[in-house]
Amino acid sequence: MPFKKNSFFNTSRITVLMAMGAVAISMVVLMGWLYQSPILTSFSNEWVGMKVNTALGALSVIGSVLFFTSGRKGISAWLALFTLLLGTVTTAEYAFRWNAGIDEFFFGDHATVNYPGRMSQIIAISFILSGISLLFLQNKKYRILTDILSILVLAAGFLSFTGYL
């Protein structure tokens, strides 16, 4: 039995359904970059579009959660580490005005901004917090820290979303 009921709610079913939605969004964004279709990378011309590294980071977070839920903790930890490194490198790029070359590694961004292809600072920090949280999730002793970090990521996402509105 790969998925088990963890609480009053069937967290495995909710996790899988939410993950499927997030995977679908990330895949649509990647297809938008592949086929150079801005309509697939943003809700409208007024909003900032999702970057390739953001979609890849989201897929690694989702994959880490799903692999952890299914009992494959080793793969989950590697995906969490990838998420942490992606967020850390991007944050270092902003902090030190440095270009590591990861922003346009897969697709060139023709946007007229200071850092084409780069995810926003709050998303990079959220990936750092998510990566740490997912790594701590591997050990039951650190579940409270995982919960706190997850709440911080949720708060950052809420603030970002309301800022865009």
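Here are four short exercises on the predicted model above, each with a worked solution.

Local features rest on pLDDT of at least 70 and side-chain atom pairs on pLDDT 80 or more, while totals for chains, interfaces and linings use all residues. Residues are numbered from 1 along each chain as its sequence is written, and side-chain values use heavy atoms, without hydrogens and water.

**Exercise 1. Work out which elements the chain has and what percentage of its residues is buried.**

Start with the elements, which are DSSP runs numbered from the N terminus (helices: H or I, at least four residues; strands: E, at least two). The chain has 5 helices and 0 strands, in the order α-α-α-α-α from the N terminus. Next, take burial: buried means under 20% relative accessible area, exposed over 50%, and partly exposed in between (1.4 Å probe, protein chains only). Of the 165 residues, 33% are buried.

**Exercise 2. Find the largest nonpolar core and the element with the largest share of it.**

Look for buried Ala, Val, Leu, Ile, Met, Phe, Trp, Tyr and Cys residues joined through side-chain atoms within 4.5 Å; such a set is a nonpolar core. The largest one has 9 residues: Val61, Phe68, Ala80, Leu86, Met119, Ala124, Phe127, Leu134 and Leu137. Now assign them: helices H2 (52-69), H3 (73-96) and H4 (121-137) each give two or more residues. The largest share, 4 residues, belongs to H4. Finally, a separate core of 5 residues includes Val29, Leu30, Val52 and Ala55.

**Exercise 3. Describe H3 by its span, its packing and what comes just after it.**

First, the span: H3 has 24 residues and reaches 34 Å from first to last C-alpha, close to the expected 34 Å (1.5 Å times one less than the number of residues). Then list its buried residues, among them Ala80, Leu84, Gly87 and Tyr94. The buried residues of H3 pack against H2 and H4, where contact means heavy atoms within 4.5 Å. For one view from the other side, the contacts of Phe127 include Thr83, Leu84, Leu86 and Gly87. Last, Arg97, just after H3, has a positive phi of about 50 degrees.

**Exercise 4. Decide whether Ile148 is buried, partly exposed or exposed, and place this residue in its element.**

Begin with the element: Ile148 lies in helix H5 (residues 143-164). Its relative accessibility is 44%, so Ile148 counts as partly exposed.

Conventions
Lists of a residue's contacts leave out its neighbours within four places in sequence.
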